[in-house]
Structures are given as structure tokens and as C-alpha cells.
Amino acid sequence: MTATADRVLVLAEDAELLDFIAEQTLAPAGYTVRVAQTGSTALQLALTYQPDLIITDLHLAGLSGKDLLMAFRAQGINTPFVVLLDGQLNQADLGVLRLGAADYLIKPLREAEMVASVDRCLQTVRLQRVQQQLTQELTVSQDALAKSQQIVLTFARLAHLLPNVAQGQVALQQ
């Protein structure tokens, strides 16, 4: 089981492949999985579901896995993609990796390879979240430190002025 309910979107036209990935492999491993059989459905679902990882068959009718990846990157969305290939990696497929696919798997898929790939990709996502959280906490701490330094300087100035104020009060009383 995963430590958090990582959200995975799986896109493939083949219902058996969707079942293997979503129901037989990822759901039992503790992932929250949504599936789509068309690129346009996956795009709409991705925008509302906000998955942590997208697994897509590269070659689909209509909006392909490559088109989906390009659409996400064009919008500045950096959700990692695992691309499913029908055979050995070829020159055309290399373009998808250059677009920023996090990993690729060659069909027929094996459960252990699928889980290992998903775990690697999501570990990177989790580390990025921790980094963002720590960066925010560091910013808050730096702001608090700067305010504390200003307070210390104010007290130091006051301490320096107090002897002069005390002498002025003694002079006024005389």
C-alpha cells in the first residue's frame, strides 16, 4: 500500500489493458485509479481529477498519448507520464521521451515492472511535494527571523538611548 492515496489516470483503448493496469495491478497496490478510453476524455478527466501520474498508451485513435502529453506541457502542467509502447522503442517514440515522459513500458506489461515504474515516478512527485512544503516553511521561518532581528535591533537602540533619557530626567528634576 502507498503512504498516500496517489492518484493515477490510465488512458488506453483496450479494456483488458485498462483492467490489468487499474484493477489487477494498481488498485491492489493502494493507488486511486481512474481510467479513460479516449484522449479527449482523459484530458477532461485529468483537469478535474488532477492525477499525480498519467499512464497512457502512446498510439490511440484521435487524441494520442503524445498529443495529451504535448497539451499538458503547453499548459505548463508537469504531471509525469508513463508511456506504453507496442514494441521496441523507435525513433518516433523517442520524441515522446524528449517531451518529458517520465518512463516508458513495452507491452505486454508485467505487473512488477508496472508497479516499479509507478513507484519511481510517484516517489519523485512525493519528493517534489516535500521540497515545496519545506521551501514554504523556510520562507516563513526566514520572515520570522527577519522580524526578530528587527525587534532585537529596536531593543538595542532603546537600550543605548535609555542612559541618555535617564540623565535627561535627572537634569529636569534638578
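# Close-up views of a predicted model

Buried residues make up 33% of the 174 residues in this protein, whose structure is a predicted model.

**Figure 1. The whole chain, with its helices and strands.** The protein contains five helices and five strands, and, read from the N terminus, these elements follow one another in the order β-α-β-α-β-α-β-α-β-α. Along its principal axes the C-alpha trace spans about 100 × 35 × 25 Å, and the radius of gyration is 28 Å, whereas a compact globule of 174 residues would have a value near 16 Å. Among the contacts in the protein with a separation of 6 or more, 65% are between residues that stand 24 or more positions apart.

**Figure 2. The largest pocket and its lining.** Rolling a probe the size of a water molecule over the atoms shows where empty space is left. The largest pocket holds about 350 Å³ of space, and 15 residues line it, with P51, I77, N78, T79 and P80 lying nearest its centre. Two elements, α2 (39–49) and α5 (111–173), each give two or more residues to this lining, and α5 gives the most, with four residues. Sorted by character, the lining of the largest pocket consists of seven nonpolar, five polar and three charged residues.

**Figure 3. D52 and the residues around it.** D52 is found in the loop between α2 and β3 (53–57). Is this residue buried or exposed? D52 counts as buried because its relative accessible area is 6%, which falls under the 20% cut-off. When neighbours within four places in sequence are left aside, D52 is in contact with A5, D6, R7, T79, P80, L122, V125 and R129.

**Figure 4. Salt bridges that meet at K107.** A search of the whole structure finds six salt bridges, and this view shows two that share a residue. In one of them, the side chains of D57 and K107 meet with a distance of 2.9 Å from N to O. This pair links distant parts of the chain, since D57 lies in strand β3 and K107 in the loop between β5 (103–106) and α5, 50 residues apart. D57 is buried, its relative accessible area being 6%. K107 also forms a salt bridge with D86, and here the closest N and O atoms are 2.7 Å apart. D86 lies in the loop between β4 (81–85) and α4 (91–98), 21 residues from K107, and this pair too links distant parts of the chain. With 48% relative accessibility, D86 counts as partly exposed. Through their shared partners, the salt bridges join D57, D86 and K107 into one network.

**Figure 5. The salt bridge between E113 and R110.** The side chains of E113 and R110 meet in a salt bridge with a distance of 2.6 Å from N to O. E113 is partly exposed, with a relative accessible area of 33%.

**Figure 6. Backbone details at P108 and Q50.** Most residues other than glycine have a negative phi, and most peptide bonds are trans. The peptide bond that joins K107 and P108 is cis, with omega at about 5 degrees, and P108 has its place in the loop between β5 and α5. Q50, a residue other than glycine, has a positive phi, near 50 degrees, and belongs to the loop between α2 and β3. Q50 counts as exposed because its relative accessibility is 52%, which is over the 50% cut-off.

Note on methods
Residues are numbered from 1 along each chain as its sequence is written. This is a predicted model: local features need pLDDT of at least 70, side-chain atom pairs count only at pLDDT 80 or more; totals for chains, interfaces and linings use all residues. Side-chain values use heavy atoms; hydrogens and water are left out. On a 1 Å grid over the protein atoms alone, a cavity is a set of points where a 1.4 Å probe fits but cannot get out, and a pocket is an open set with protein on both sides within 12 Å along at least five of seven lines; lining residues have an atom within 4 Å of a point. Grid points are joined across faces, edges and corners, and a volume is the space filled by probe spheres set on the points. Ala, Val, Leu, Ile, Met, Phe, Trp, Tyr, Cys and Pro count as nonpolar, Asp, Glu, Lys and Arg as charged, and the others, Gly among them, as polar. Buried means under 20% relative accessible area, exposed over 50%, partly exposed in between (1.4 Å probe, protein chains only). Contact means heavy atoms within 4.5 Å. A salt bridge is a side-chain nitrogen of Lys or Arg within 4 Å of a carboxyl oxygen of Asp or Glu. The radius of gyration is taken over C-alpha atoms; the globule rule is 2.2 Å times the number of residues to the power 0.38.
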